[in-house]
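This briefing concerns the single protein structure shown below. It proceeds by topic, beginning with one helix and its surroundings.

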Amino acid sequence: MATPAFAQSQALQPPTRKLVSVRRIAGLQPIKGNRHVEIAKIDGWNVIVMKEDYHVGQLVVYFEVDSFLPNTEERFWEYCQPHKVEEYNGQCGFVVKTFMKYGRVTQGIVFPLHAFSEVLEAQQELEAKFGDSEKATTALLEMDFTATLGVKKYDSVYFDAAGSYGRPPPFFPQPGCERAQNVTGLFERFGDTMFQITEKLDGLPMTVYHVRKSSELYRALPQDRDSNIRRPEYGVCGRENDYVEHEKSVFWMAAKQQDITNKLKRLGKNLAVQGELCGSSIMSNSMGFAEGQHRFYVFSIYDIDKATWMSADKAFDLCKQLNLTHAPIVGRMRLSSFAQSLDQLLQKSEGKGVLGKNREGLIFRPPNNTWGFKVIANSWLLEYGQHKKDQW
């Protein structure tokens, strides 16, 4: 039978990113000197669209940045010309990227509802079910059409030297937070909320965990099938793999660099330390690490027994106690004291990072650390974020 911590942690898993959804155009802004296109405001996103094709208040199908659209449907072709055909996991398609056009940043792709029969059918079914167009529209806006339209999230693939026990243990959630542009009523709802603001680091999510051998959770850990040796009570994970200890594993080298597994073992608690693995061989190395250098930065600690995250301050204090590197803290303040609008938030996400290079952005976490949102700097996205230059 699952332990209470295991059962509760299932509800705490971050939601799957809703890459394709129906949204409403909140506004249209002209682009100076251009008679053919304009900027559509969709929640917190700005998207370049053709003039006269859309109007304020119109429902549209919106594809977020990082959507991989399979090149199996001719209906995608017309709208994806700025996004070159690429291969991902053996399939050809389009990757939706951030790019600059007419001096404006555009993020995402907009389709009219009629471009997808699946969306129109869902709308008709909801209208028949509710008999009320307003309720049907509300339900339609909450739907996720990512899988329905065969869209996948495009992720950079990283291969570590270590073997894998399999998926990470299920008794702690994987890290993740929403883009600020997708948080409805961000300033109205959370303007007075205190946040710990940290630098958004360019790396891979990593978790170092420990469970006592006397715990039922330890007995549930996957074992190395090729060895009769009982595995240790600690582990190092990426988002997809629980890695077997290996001297050439970048994940394990980063954990050993700070002696994290032994420190957690001596502490004697069931904990998962979560953060970002950064370094010269990780992602685009936009932080500027020297060849062969890597570093693990902690941004949260999960109490496995209590099935909840430590408060932001408590996690920071424990990092100091254990001499672990915490993600650089930019400040602690109310959201409304830091910025007054999403545009200001994006402007303030720009800046120099821990190693002096342009930072990726900022992460905001409230004191209880149970959720958070991120703000990615547009200049970083244009330089490193799988961007596409002006080729329309």
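On the face of helix H3 turned away from its buried side, the exposed residues are Gln 124, Glu 125 and Ala 128. The model discussed here is predicted. Its secondary structure consists of twelve helices and 22 strands. The points below treat this helix, the overall fold, the nonpolar cores, one buried asparagine and the salt bridges.

**Helix H3**

- The buried residues of H3 are Val 119, Ala 122, Gln 123 and Leu 126. Viewed down the helix axis, these buried residues fall within an arc of 100°, so they line one face of H3.
- An α-helix has 3.6 residues a turn, so residues three or four places apart point the same way.
- Cover for the buried residues of H3 comes from elements including strand S1 (20-30), strand S4 (59-63) and helix H4 (133-142).
- H3 comprises 14 residues (residues 117-130), which at 1.5 Å a residue should span 20 Å; the C-alpha atoms at its ends are 20 Å apart, in agreement with that expectation.
- Just after H3, Gly 131 adopts a positive phi of about 65°.

**Overall fold and surface**

- The protein has 392 residues, of which 52% are buried.
- Of the contacts between residues at least 6 apart in sequence, 70% join residues at least 24 apart.
- The exposed area of the protein is about 19000 Å², and carbon and sulfur atoms supply 48% of it.

**Nonpolar cores**

- In soluble globular proteins, nonpolar side chains tend to be buried together.
- The largest nonpolar core contains 27 residues, and those with the most contacts inside it are Met 206, Val 208, Phe 296 and Ile 301.
- At least two residues of this core come from each of strand S14 (204-210), strand S15 (234-237), helix H7 (250-257), helix H8 (260-267), strand S17 (271-279), strand S18 (294-303) and helix H9 (312-322). H7 gives the most to this core, with five residues.
- A second, separate core of 23 residues includes Val 20, Ala 115, Leu 149 and Val 151.
- Neighbours within four places in sequence aside, Val 208 is in contact with Gly 235, Val 236, Ala 255, Ile 260, Thr 261, Leu 264, Leu 271, Ala 272, Val 273 and Phe 296.

**Asn 378**

- Asn 378 is placed in helix H12 (residues 378-384).
- Is Asn 378 buried or exposed? With a relative accessibility of 18%, Asn 378 counts as buried, because the cut-off for buried is under 20%.
- Not counting residues up to four places away in sequence, Asn 378 touches Val 105, Gln 107, Leu 346 and Glu 350.

**Salt bridges**

- How many salt bridges does the count come to? The count comes to ten salt bridges.
- One salt bridge joins the side chains of Asp 305 and Arg 212 (3.5 Å, N to O). Asp 305 lies in the loop between S18 and strand S19 (308-309), and Arg 212 in the loop between S14 and helix H6 (216-219), so this pair ties together parts that are 93 residues apart in sequence. Asp 305 counts as partly exposed at 42% relative accessibility, and Arg 212 likewise counts as partly exposed at 28%.
- The side chains of Glu 233 and Lys 265 also meet in a salt bridge (3.9 Å, N to O). Glu 233 is in the loop between H6 and S15 and Lys 265 is in helix H8, so the pair links parts that are 32 residues apart in sequence. Glu 233 counts as buried at 8% relative accessibility, whereas Lys 265 is partly exposed, with a relative accessible area of 43%.
- A further salt bridge joins the side chains of Arg 332 and Asp 313 (3.1 Å, N to O). Arg 332 belongs to strand S20 (residues 329-334) and Asp 313 to helix H9, so the pair ties together parts that are 19 residues apart in sequence. Arg 332 is partly exposed, with a relative accessible area of 39%, and Asp 313 is partly exposed at 42%.
- Arg 23, Asp 43 and Glu 64 are joined into one network by salt bridges that share partners.

Key: Residues are numbered from 1 along each chain as its sequence is written. This is a predicted model: local features need pLDDT of at least 70, side-chain atom pairs count only at pLDDT 80 or more; totals for chains, interfaces and linings use all residues. Side-chain values use heavy atoms; hydrogens and water are left out. Helices (H or I, at least four residues) and strands (E, at least two) are DSSP runs, numbered from the N terminus. Buried means under 20% relative accessible area, exposed over 50%, partly exposed in between (1.4 Å probe, protein chains only). Contact means heavy atoms within 4.5 Å. Accessible areas come from the Shrake-Rupley method with a 1.4 Å probe; for residues, only the protein chains shown count as cover. The expected span of a helix is 1.5 Å times one less than its number of residues. The arc is that of the directions from the helix axis to the C-beta atoms. A nonpolar core is a set of buried Ala, Val, Leu, Ile, Met, Phe, Trp, Tyr and Cys residues joined through side-chain atoms within 4.5 Å. A salt bridge is a side-chain nitrogen of Lys or Arg within 4 Å of a carboxyl oxygen of Asp or Glu.
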